[in-house]
Protein chains: 2
Amino acid sequence: MSQKILISIDAMGGANSPSAVVEAIGRFLATNGDTFFQIYGKKMDVLPYVILHQLPKNRYKLINCDEAISDDDKPTEAWRNGKNSSMRKAIEAVQNGQAHTVVSCGNTGALMLIAKMLLGTIGNIKRPAIAGVFPNMKKDKTIVLDMGANLECSETHLFQFALMGSCFARALFQKENPKVGILNVGSETSKGRELEQMTYKILEESELNFVGFVEGHEVAQGKVDVLVTDGFSGNIFLKASEGAAGACIDLVKASIEKGNVIAKLAGLVLKQSIGKSFKHLSPDANNGAMFMGLKGIVIKSHGSASVDGIVNAISTAHQLVEYDINTKISEELALFEAKGVGLNFVDIIKQTSAKILGLKE
Amino acid sequence: MSQKILISIDAMGGANSPSAVVEAIGRFLATNGDTFFQIYGKKMDVLPYVILHQLPKNRYKLINCDEAISDDDKPTEAWRNGKNSSMRKAIEAVQNGQAHTVVSCGNTGALMLIAKMLLGTIGNIKRPAIAGVFPNMKKDKTIVLDMGANLECSETHLFQFALMGSCFARALFQKENPKVGILNVGSETSKGRELEQMTYKILEESELNFVGFVEGHEVAQGKVDVLVTDGFSGNIFLKASEGAAGACIDLVKASIEKGNVIAKLAGLVLKQSIGKSFKHLSPDANNGAMFMGLKGIVIKSHGSASVDGIVNAISTAHQLVEYDINTKISEELALFEAKGVGLNFVDIIKQTSAKILGLKE
């Protein structure tokens with residue numbers, strides 16, 4: 001059996017580790033013959049689940065790591081003190097070329113910092129972004145980036161996010177020419193801050209499929225495949241959506257529970273079909289964010305993801321390896337940079353002055 | 001009959017004007033004996049509805065205005081060219097002391113600009129904010145500001161928003177000591193941009209009931225009574241929530257409609273109780289945003305508000321006049337400014353240099 005996709009996985013991060021992680025590996029292996037897992041974690045904690053879920057012996061390797069990074073660890077502490085942690089070792093597997101991709105349910109900030117330090121960034125990208133998958137009403141999905149890695153951004157960053165997000169949408173949704181929009185307070189071209197205005201000008205000149213500004217309520221309607229914004233706004237956008245959807249689901253449940261016997265019976269009848277509709281919206285169905293712009297495919301699963309959710313995150317990692325996403329991003333970046341699109345004045349000035357002074361930036 | 005509350009109203013703005021506006025006035029008058037309306041609009045358009053809804057003759061005055069500002073007008077155009085418009089005339093009634101408050105369903109940007117130009121701002125407030133009402137799961141409501149008037153803000157602005165929002169919450173919800181939070185990407189004190197960090201320091205020192213940072217999904221849970229943020233983030237927050245809630249409601253409807261006969265029957269049974277639960281969330285139930293910081297009570301109704309929604313906006317205006325909100329805001333501002341709380345370094349430097357140079361700012 002040829003096992004061409006090598007996935008390294010941190011078995012210790014998240015609320016349901018290592019049990020849910022190992023079960024997800026088992027489930028993924030059952031339908032994906034081309035994959036081999038390197039599982040990093042405390043052997044005595046992980047092994048019982050490996051046995052329980054009967055992972056096939058020739059399809060995984062369990063590497064013992066005595067340390068684990070917790071959700072409370074500060075990223076800088078995790079970087080300094082977590083040299084033997086399962087998270088770090090799993091990332092090192094990608095760094096050393098032993099794995100094509102790494103998946104973790106652990107501490108987001110620590111994962112980003114360690115991955116950035118060990119793997120570095122692609123080409124001119126200085127700010128890796130977190131790209132998440134957001135469900136929309138077209139029974140489709142929208143890539144949103146940045147979700148919170150960079151609270152303040154320049155138009156160059158947003159342009160790079162648009163380019164990387166387009167590659168992600170192509171890989172995940174098989175869309176040849178994904179529609180890109182900028183999150184804004186209005187759809188008219190005069191709206192927004194200087195950031196949105198400047199990014200608009202760059203994207204308009206680019207060859208991306210740019211459709212303009214998108215308002216908060218239009219994303220759920222499926223207006224775009226890729227939504228770019230700074231990490232502060234992206235985080236607010238996602239959590240506000242999550243809060244409102246959660247509140248609505250709770251209200252539907254409460255109005256069934258508070259009802260009379262007939263209402264309760266009716267609720268039972270509808271439970272299945274409503275549940276089915278909402279499945280598409282669940283965090284598990286959309287689990288697996290990519291840290292884009294790193295020299296390596298790093299996938300972050302929700303800390304509280306269920307087995308289904310982790311299977312989805314693994315599946316995203318697998319798809320991105322198959323698509324060879326980072327090569328695609330490098331090629332597109334080189335193409336745009338050759339044309340000078342996406343460099344802001346500050347960058348041009350920096351580059352020019354560096355040339356004059358004979359310095360490398 | 002003593003009519004102590006004088007409300008001036010722009011009958012021409014919004015999608016359902018003047019019919020819904022006039023009907024709302026009639027409905028409000030039926031239960032509020034203390035109110036007198038000055039209705040500004042095209043007489044021949046408005047009069048038929050006045051007759052239809054039998055407005056009592058001694059409770060209103062209809063003032064003819066041949067012009068109306070449309071939603072497509074740019075604020076600056078509306079200011080320059082709309083001198084005889086119903087919106088401007090309605091605001092002038094407040095400016096001239098003929099009315100206590102003004103209500104309009106019209107163009108938000110135009111209403112803000114004209115109101116700011118005619119009425120001016122309270123004390124040291126240079127940036128009026130739009131404060132909206134956001135429903136939460138405690139069957140309670142949260143004041144959110146700014147909703148989009150000031151896309152970029154300083155910590156001084158956010159402090160002033162916190163103070164004004166607290167007055168709003170006291171007036172509207174009769175809460176003695178409303179809880180104030182700052183919208184942020186995380187609840188830990190280290191999280192956020194410089195704006196959130198600096199605002200935290202000011203609010204911590206203030207005597208407002210400051211509870212710290214609030215994440216996007218925690219607002220719907222009712223964590224705070226007043227949520228402060230810059231206008232860009234506030235707008236994204238509200239529209240994202242609106243989009244997600246709308247998507248959920250559509251999904252519930254679709255799963256009932258697509259179901260079999262039994263599902264449809266069950267849907268009929270539940271329709272009423274679900275509808276009742278969701279009523280609290282509807283834009284109409286939360287209609288009526290205040291433009292805070294102006295020398296005058298200016299209430300903006302949704303452009304697409306129904307009669308119920310406009311009645312709620314009028315009711316908010318009425319409550320704020322009764323509470324004498326602007327006097328309360330002025331008093332609190334003076335109190336805090338006497339202590340030096342809420343002035344940032346730039347303000348202090350400006351004030352000091354103005355004193356040295358013998359200039360007024």
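**Exercise 1. The domain contact in chain A**

Work out how much area domain 1 and domain 2 of chain A bury between them, and which three residues supply most on the domain 1 side.

*Solution.* Keep in mind that this is a predicted model.

Step 1: get the bounds. The domain assignment splits chain A into domain 1 (1–120 + 294–323) and domain 2 (131–285 + 340–361).

Step 2: look at the spacing. Taken over C-alpha atoms, the centres of the two domains of chain A sit 26 Å apart.

Step 3: read off the area. Together, domain 1 and domain 2 of chain A bury about 780 Å², with 60% of that on carbon and sulfur atoms. A:Gln319, A:Leu320 and A:Tyr323 account for 51% of what domain 1 of chain A buries against domain 2 of chain A, more than any other three residues.

Step 4: check the contacts. On each side, 10 residues take part: 10 from domain 1 of chain A touch 10 from domain 2 of chain A. Salt bridges between these two domains come to zero.

**Exercise 2. The sheet of chain A**

Trace the strand order of the open sheet in chain A, then find its edges and the helices packed on it.

*Solution.* Step 1: write down the order. The 11 strands run 3-2-1-4-11-10-5-6-9-7-8 in chain A, with mixed pairing.

Step 2: take the two ends of that order. Strand 3 (60–64) and strand 8 (209–214) of chain A are the edges; each has a single partner strand, so one side of each has no neighbour in the sheet. On average, neighbouring strands of the sheet are turned by 25 degrees against each other, direction ignored.

Step 3: zoom in on one edge. Strand 2 (residues 35–41) and strand 3 of chain A run parallel and are joined by five bridges. One partnership to find on screen: A:Gly41 with A:Asn64 in strand 3 of chain A.

Step 4: add the helices. Helix 1 (residues 19–31) of chain A packs on the sheet and touches strand 1 (5–10) and strand 2 of chain A, at about 175 degrees to the direction of strand 2 of chain A. Helix 10 (residues 307–323) of chain A packs on the sheet too; the strands it touches include strand 4 (101–104) and strand 10 (289–292) of chain A. The direction of helix 10 makes about 160 degrees with that of strand 11 of chain A.

**Exercise 3. Three salt bridges**

Of the 24 salt bridges over all chains, take three and decide for each partner: buried or partly exposed?

*Solution.* The cut-off you need: buried means under 20% relative accessible area.

Step 1: A:Glu196 and A:Arg193 pair at 2.8 Å, N to O. A:Glu196 is at 1%, so it's buried. A:Arg193 is at 9%, so it's buried as well.

Step 2: B:Glu23 and B:Arg27 pair at 3.4 Å, N to O. Both lie in helix 1 (residues 19–31) of chain B, four residues apart, or about one turn of the helix. B:Glu23 has 28% and is partly exposed; B:Arg27 has 37% and is partly exposed.

Step 3: B:Lys175 and B:Asp225 have their closest N and O atoms 2.7 Å apart. B:Lys175 lies in the loop between helix 6 (155–173) and strand 7 (179–183) of chain B, and B:Asp225 in the loop between strand 8 (209–214) and strand 9 (226–228) of chain B, so the pair ties together parts 50 residues apart in sequence. B:Lys175, at 22%, is partly exposed, whereas B:Asp225, at 7%, is buried.

Methods. Residues are numbered from 1 along each chain as its sequence is written. Chains are lettered from A and ligands numbered from 1 in the order in which they are written. This is a predicted model: local features need pLDDT of at least 70, side-chain atom pairs count only at pLDDT 80 or more; totals for chains, interfaces and linings use all residues. Side-chain values use heavy atoms; hydrogens and water are left out. Two strands pair if DSSP finds at least two bridges between them. Helices (H or I, at least four residues) and strands (E, at least two) are DSSP runs, numbered from the N terminus. Axes are lines fitted to C-alpha atoms, for helices over the stretch in contact, and angles run from 0 to 180 degrees between N-to-C directions. Contact means heavy atoms within 4.5 Å. A salt bridge is a side-chain nitrogen of Lys or Arg within 4 Å of a carboxyl oxygen of Asp or Glu. Buried means under 20% relative accessible area, exposed over 50%, partly exposed in between (1.4 Å probe, protein chains only). Domain bounds come from an automatic or database domain assignment. Buried area is the accessible area (1.4 Å probe) that two parts lose on being put together, summed over both.
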